[in-house]
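Got your viewer open and a selection box ready? Let's walk through this one stop by stop.

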Amino acid sequence: MVKLCEITHFLEKEFPPEYAEDFDNIGLLAGRCEKDVSKVILCLDCNKNVVKEAAEKGAELIITHHPVILNPIKSITDATDAGDALVFALENGISIYSAHTNMDSAPDGITDTISDKLGLKAVESMEGNVGRLCKAPKGTTAKSLINRIKEVFGIKTLYSTFTGDREIKTVAICNGGGGGSLTQIARELGADVYISGDLKHHEISEFKISDTTDFIEIRHYDCEIIAREILKERLEAKFKDKLEIFISDAEVSPLLDTAQIM
């Protein structure tokens with residue numbers, strides 16, 4: 001058993017708050033710092049199903065990547081999905097902690113882990129601490145990179161602006177939503193390909209007509225679900241024999257392959 005404050009202090013060393021974006025809402029979002037914790041549930045999104053799972057397993061803490069409270073709220077009731085999850089968590093003595101954009105951008109966080117798993121060497125950040133410009137191994141092609149992404153993320157279908165195979169030397173990566181100014185930065189840095197998700201149609205179109213940079217889309221959920229494994233590995237190494245740590249079984253992607261339901 002561990003005090004909640006010991007866990008939060010550890011996570012803030014692993015993923016320092018100063019790496020978080022200004023819009024973000026990270027840290028302890030619900031609960032008491034001095035609470036004893038013996039079981040932890042890890043998830044990408046904290047919803048009512050995950051909170052129910054935590055209650056069933058006797059977990060006192062949920063650690064989520066995406067904050068259950070992101071925008072300012074004036075009340076916590078069961079009138080909204082987020083409010084319903086929070087009310088149920090508090091009724092059952094379950095605390096909620098979020099490591100979001102600080103976990104994305106911190107050294108050895110989500111972006112660096114993705115780079116490593118794809119066999120890429122990060123050489124610099126794209127903007128501040130956000131995203132990475134990486135060097136690809138010699139002999140990397142568009143086809144081999146796409147196949148590697150499918151293998152690493154367990155994805156059957158990927159979408160990209162490639163019209164044929166070609167050599168890839170530099171790769172820009174921003175996990176999750178990487179639209180806005182980052183799309184231009186990827187091109188300005190001379191990346192052969194930009195890997196991200198949640199781009200708007202016109203942003204993808206700009207890559208399509210680019211003479212230098214193509215785009216590969218990894219959907220937000222597929223790209224960031226890895227957060228759970230990263231958290232599990234770090235927490236088990238630090239709190240061995242003191243905490244039981246579970247990856248949520250209740251969490252599923254909000255988007256399903258229609259072949260699974262038709």
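What follows is a tour of a sheet, a helix, the cores and two pockets. Bear in mind that this is a predicted model.

**Stop one: the sheet**

Start by colouring the six strands of the open sheet, which run in the order E7-E8-E10-E11-E12-E9 with mixed pairing. Now look at the two ends. E7 and E9 (159-160) stand at the edges with a single partner strand each, so one side of each has no neighbour in the sheet.

Select E7 (residues 121-127) next and follow it into E8: the two strands pair in the antiparallel sense over five bridges. They make a hairpin with two residues between them, and Gly128 in that turn has a positive phi of about 60°. To check the register, show Lys121 and its bridge partner in E8, Lys135. Another rung to display is Ser125, whose bridge partner in E8 is Arg132.

Keep Lys135 on screen, since its bridge partner in E10 is Thr170. E8 and E10 also pair in the antiparallel sense, this time over four bridges. Is E8 enclosed or open to the outside? Five of its six residues are buried, so the rest of the structure largely encloses E8.

**Stop two: a covered helix**

Hide the sheet and pick H5. Six of the eight residues in H5 are buried, so to speak of it as mostly covered is fair. Click through Ile110, Thr111, Asp112, Thr113, Ile114 and Ser115 to see the buried ones. Just beyond, look for Gly119, which follows H5 and has a positive phi near 75°.

**Stop three: the nonpolar cores**

Which residues touch the most other members of the largest nonpolar core? Select Ile7 and Ile63: they hold that position in a core of 45 residues. Elements that give two or more residues to this core include H1 (4-14), E4 (39-45), E5 (61-66) and H10 (227-238). H6 gives the largest share, five residues.

Now centre on Ile63 and show what surrounds it. Beyond its neighbours within four places in sequence, Ile63 is in contact with Ile7, Leu11, Val40, Ile41, Leu42, Cys43, Tyr97, Leu231 and Leu235. There is also a second, separate core of 17 residues, with Ile41, Val68, Ile69 and Ile94 among them.

**Stop four: the largest pocket**

Switch on a surface and go to the largest pocket, with a volume of about 710 Å³. It is lined by 20 residues, and those closest to its centre are Thr157, Arg219, Asp222, Leu255 and Asp257. Helix H9 (residues 220-224) gives the most to this lining, with three residues. Colour the lining by type and you get nine nonpolar, five polar and six charged residues.

**Stop five: the second largest pocket**

Finish at the second largest pocket, which holds about 310 Å³ of space. Its lining has 17 residues; select Phe23, Thr101, Asp104, Asn175 and Gly177 to find the ones closest to the centre. H4 (101-105), E8 (130-135), E10 (170-177) and H9 are the elements that give two or more residues to this lining.

Which of them contributes the largest share? That is E10, with four residues. By type, the lining of this second pocket splits into four nonpolar, nine polar and four charged residues.

How values were computed: Residues are numbered from 1 along each chain as its sequence is written. This is a predicted model: local features need pLDDT of at least 70, side-chain atom pairs count only at pLDDT 80 or more; totals for chains, interfaces and linings use all residues. Side-chain values use heavy atoms; hydrogens and water are left out. On a 1 Å grid over the protein atoms alone, a cavity is a set of points where a 1.4 Å probe fits but cannot get out, and a pocket is an open set with protein on both sides within 12 Å along at least five of seven lines; lining residues have an atom within 4 Å of a point. Grid points are joined across faces, edges and corners, and a volume is the space filled by probe spheres set on the points. Ala, Val, Leu, Ile, Met, Phe, Trp, Tyr, Cys and Pro count as nonpolar, Asp, Glu, Lys and Arg as charged, and the others, Gly among them, as polar. Buried means under 20% relative accessible area, exposed over 50%, partly exposed in between (1.4 Å probe, protein chains only). Two strands pair if DSSP finds at least two bridges between them. A nonpolar core is a set of buried Ala, Val, Leu, Ile, Met, Phe, Trp, Tyr and Cys residues joined through side-chain atoms within 4.5 Å. Contact means heavy atoms within 4.5 Å.
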